[in-house]
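Reader: I have a model open at the bench and would like to understand the labels people attach to it. Could you take me through the reasoning?

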Amino acid sequence: GQRLVYKSHPSQNENDLRKMDLVGFEIESYASSEAIFINDSSLRTVYSVFSTSVQAAASMGIQSFYLYNLFDLDELSLPKTVQRHWNDRCTSEIHPEMNIKSIDDWMNGKNDYTPMDRSEEILKTTKKMLSVVGFD
């Protein structure tokens, strides 16, 4: 079997979590998404409605997906400005398959992709950038 881990948003509190059906999920409230990805090698897939943690997971070699297109955003009365923001923010030029638009397509493997672990490259670039600004 697979574990289900729900990473709460920093602004969510216990009352917010009680409103969701999280039966069967481990709740992770204290660590950042990136810390979870780095420290839990059992993670194979990450799903999010619209969190950019999906991009972080993919850059660490974990297949990850946005789910917001599965919802009828008009029916949810989500303002068009927010919808445009999500469309702009929640896309990947490298892995457009990350954005699940159909359960059938997803179940039939049309969203499958192989992410590349770029964590070493990111670490190297970050250290170089910090060195340039005087943090050696």
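Author: Gladly. Helices here are DSSP runs of at least four residues and strands are runs of at least two, numbered from the N terminus. By that numbering, Leu70 sits in the loop between strand S4 (63-66) and helix H4 (80-89). Please keep in mind that this is a predicted model.

Reader: Why is Leu70 called partly exposed?

Author: Partly exposed covers the range between under 20% (buried) and over 50% (exposed). Leu70 has 34% relative accessibility, so it counts as partly exposed. Leu70 also belongs to a nonpolar surface patch of about 630 Å², together with Val49, Phe50, Phe71, Leu76, Ile103 and Met107.

Reader: What makes Tyr47 and Trp106 an edge-to-face pair?

Author: The structure holds 5 aromatic pairs. For Tyr47 and Trp106, the ring centres are 6.0 Å apart and the planes lie at 85°. Pairing needs centres within 6.5 Å, and planes over 60 degrees apart count as edge-to-face, so this pair is edge-to-face. Tyr47 is in strand S3 and Trp106 in helix H5, so the pair ties together parts 59 residues apart in sequence.

Reader: And why are Tyr68 and Trp86 edge-to-face?

Author: The reasoning is similar: their centres are 5.9 Å apart and their planes at 75°, so they are edge-to-face. Both Tyr68 and Trp86 are buried.

Reader: How do you know that the span of helix H6 agrees with what is expected?

Author: At 1.5 Å a residue, its 14 residues (119-132) should span 20 Å, and the end C-alpha atoms are 20 Å apart, so the two agree. After H6 comes Gly134, with a positive phi near 95°.

Definitions and conventions. Residues are numbered from 1 along each chain as its sequence is written. This is a predicted model: local features need pLDDT of at least 70, side-chain atom pairs count only at pLDDT 80 or more; totals for chains, interfaces and linings use all residues. Side-chain values use heavy atoms; hydrogens and water are left out. Patches are made of residues with over 30% relative accessible area and no salt bridge: like charges are joined within 9 Å, nonpolar side chains (Val, Leu, Ile, Met, Phe, Trp, Tyr) within 5 Å. Accessible areas come from the Shrake-Rupley method with a 1.4 Å probe; for residues, only the protein chains shown count as cover. A salt bridge is a side-chain nitrogen of Lys or Arg within 4 Å of a carboxyl oxygen of Asp or Glu. Buried means under 20% relative accessible area, exposed over 50%, partly exposed in between (1.4 Å probe, protein chains only). The expected span of a helix is 1.5 Å times one less than its number of residues. Rings of Phe, Tyr and Trp (its six-membered ring) pair if their centres lie within 6.5 Å; planes under 30 degrees apart count as stacked, over 60 as edge-to-face and the rest as tilted.
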